[in-house]
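Let's take a walk through this model, going from one residue out to its helix and then on to the charged pairs and the cores. Keep the viewer open as you read.

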Amino acid sequence: MSNNAEIGELFRGLERDGALAAALRDAVRLACDAGRGQAAAIVADLDFCGEARHRFAHDPRGLLAELSEFREPDDPEHECAGDDQQDPGGSATALHIPLNCGGRTVGTLVFLPSPETRADQVTARTASLCAVLATLLAAEESNATRTSSGVLGREAFRRRLTSELSRSARSAEELAMLHVTLDPSAGDPADGENTWAHVAALGETLTDRLRRSDVIGVLGPSHLAVLLPGTSRLGARIAARRIELLVRMPENLRRGSDELFAAPECHLRIYPEDGGDVDTLCRLPRLRGGTKQNALSTVNPQ
C-alpha cells in the first residue's frame, strides 16, 4: 500500500472514531516503515533538555531506551533539529526531523534509521507522513487548550510573554517565569496519550487560585509555565510553594488513581537576571550535562 493510501486510511479512521492518540500512534508507525527505520517516536517538548520524553513510540526492538539524547541550549552543535546525533554511549544514531505546521514547529520526530539508510532518504520518504504528524500534533495541543478556560497554548503564551517583557523593560520591573514539570503517575509515558489534556486541566485548576495578573500556559505535554509579572525571585518561590501544594490537594487527584501527578518540579527564570528574551525564558533552565539550574526541588519561601 502506498503512503497516500495509508494516510487516507488513517484519516478515515480518525473521522470514524475521533481517536487522535490512535492516529498519532499509527502515523509514527507508518513513518518508521516508510523511512525503513528501526524505531521512531515523537518529542513534543520544543525546548527539552536532558533526556527526551518519547511519545507514541514505535520501537519493536526496544532500541529507543538505549538513546540518551541531550539537547543543550548552550551547545551550538545541538541547536538545529534534523541533524544526525550520536548518543553519548555510541550505541545508536538518531535523526531529529522537525514537524512544522502553520509556519511553526510543533514537535520533533526522533527517527532511528537502519544502518544502510541515509538521512536524505529518510527525509524524502517520510515527508508526507511528517506533514500528517505535524497536523495531528497541532490538533492535539489545540484541543487541550481550547477546552481549558484561562490556559494559553504555546503561541498565545509566547505572545503574552512578549507583551509583558516590553512592559517590564519600560517600567524597569522584574518578571518571573515559573516552570512546572510533571510526570503523570498512570499510563505508559512512551505512549503519550492525553498528556496535553491532563496538564491543561491541571493548569485550569490553578487559574482561580493565583493573581489575576498571572498567566498560565502549556509549553509541552508535561510542562506548565506560569508568568508572574512584577514578581521577584522571592515572590516566585512563594508562588512555587503554593502551586506545589495545590497540585497535591485531594480534589485534584485523578479518579481511580492514588494521585494525578507526582510531586511537581519547579524551575525559575527571572527577567532580566536569567534572560531577556522569550526563547530563553521559555526554556527549562539547566546547565550543561543536565544539571538543573534554579530548580526548587524543596521550595522554601523563607
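Start with arginine 242, which has a relative accessible area of 41% and so counts as partly exposed. Keep in mind that this is a predicted model. Arginine 242 sits in helix α6, which covers residues 233–247. If you skip residues up to four places away in sequence, arginine 242 touches Arg209 and Leu210. Leucine 206 is 36 residues away along the chain, and its C-alpha atom is 9.8 Å from that of arginine 242.

Now zoom out to the helix itself. The 15 residues of α6 reach 21 Å from first C-alpha to last, close to the 21 Å expected at 1.5 Å a residue. Its buried residues are Ala236, Ala239, Ala240, Ile243, Glu244, Leu246 and Val247. Look down the axis of α6 and those buried residues fall within an arc of 160°, so they line one face of the helix.

Helix α4, residues 154–171, can be read in a similar way. It has 18 residues and reaches 26 Å between its first and last C-alpha atoms, close to the 26 Å expected at 1.5 Å a residue. Which residues of α4 are buried? They are Arg154, Phe157, Leu161, Glu164, Leu165 and Ser168. Viewed down the axis of α4, they fall within an arc of 110°, so they line one face of the helix. Arg159 and Arg170 lie on the other side of α4 and are exposed. Right after α4 comes alanine 172, whose phi is positive, near 55°.

Glu164 turns up again when you look at charges: Arg160, Glu164, Arg167 and Glu173 are linked in a network of salt bridges. The structure holds 14 salt bridges, and three pairs are worth a closer look.

Take arginine 12 and glutamate 9, whose closest N and O atoms are 3.2 Å apart in their salt bridge. Both belong to helix α1 (residues 3–17), and because they are three residues apart there, about one helical turn separates them. Arginine 12 is partly exposed at 46% relative accessibility, and glutamate 9 is partly exposed too, with a relative accessible area of 41%.

Next come aspartate 33 and arginine 29, a salt bridge with its closest N and O atoms 3.9 Å apart. These two are four residues apart in helix α2 (residues 20–34), so they are separated by about one helical turn. Aspartate 33 has a relative accessible area of 46%, which makes it partly exposed, and arginine 29 is partly exposed at 33%.

The third pair is glutamate 140 with arginine 55, where the closest N and O atoms of the salt bridge are 2.8 Å apart. This pair links distant parts of the chain, 85 residues apart: glutamate 140 is in helix α3 (residues 119–146) and arginine 55 is in strand β2 (residues 55–58). Are these partners buried or exposed? Glutamate 140 is buried, with a relative accessible area of 9%, and arginine 55 is buried as well, with 1%.

Stay in α3 for a moment, since glutamate 141 is found in this helix. Glutamate 141 is buried, with a relative accessible area of 3%. Leaving out residues up to four places away in sequence, it touches Arg104, Gly153, Arg154 and Trp196. Of these, Arg154 is one of the buried residues of α4.

That leaves the nonpolar side chains. In soluble globular proteins, nonpolar side chains tend to be buried together. The largest nonpolar core here has 30 residues, and Leu24, Leu99, Leu109, Leu133 and Leu136 touch the most other members. At least two residues of this core come from each of α1, α2, β1 (37–43), β4 (93–101), β5 (104–113) and α3. The largest share, 10 residues, comes from α2.

For a view from inside, pick leucine 133. Apart from its neighbours within four places in sequence, leucine 133 is in contact with Leu24, Ala27, Val28, Ala31, Ile42, Leu99 and Leu109. There is also a second, separate core of 27 residues, which includes Leu182, Leu210, Val218 and Val226. Leu210 brings you back to the start, being one of the residues that arginine 242 touches.

Technical notes
Residues numbered from 1 in each chain as written. Predicted model: local features only at pLDDT ≥ 70, side-chain atom pairs only at ≥ 80, totals over all residues. Heavy atoms only, no water. Buried < 20%, exposed > 50% of the residue type's maximum accessible area, 1.4 Å probe, protein only. Contact = heavy atoms within 4.5 Å. Expected span 1.5 Å × (residues − 1). Arc of directions from axis to C-beta. Salt bridge = Lys/Arg side-chain N within 4 Å of Asp/Glu carboxyl O. Core = buried A, V, L, I, M, F, W, Y, C linked by side-chain atoms within 4.5 Å.
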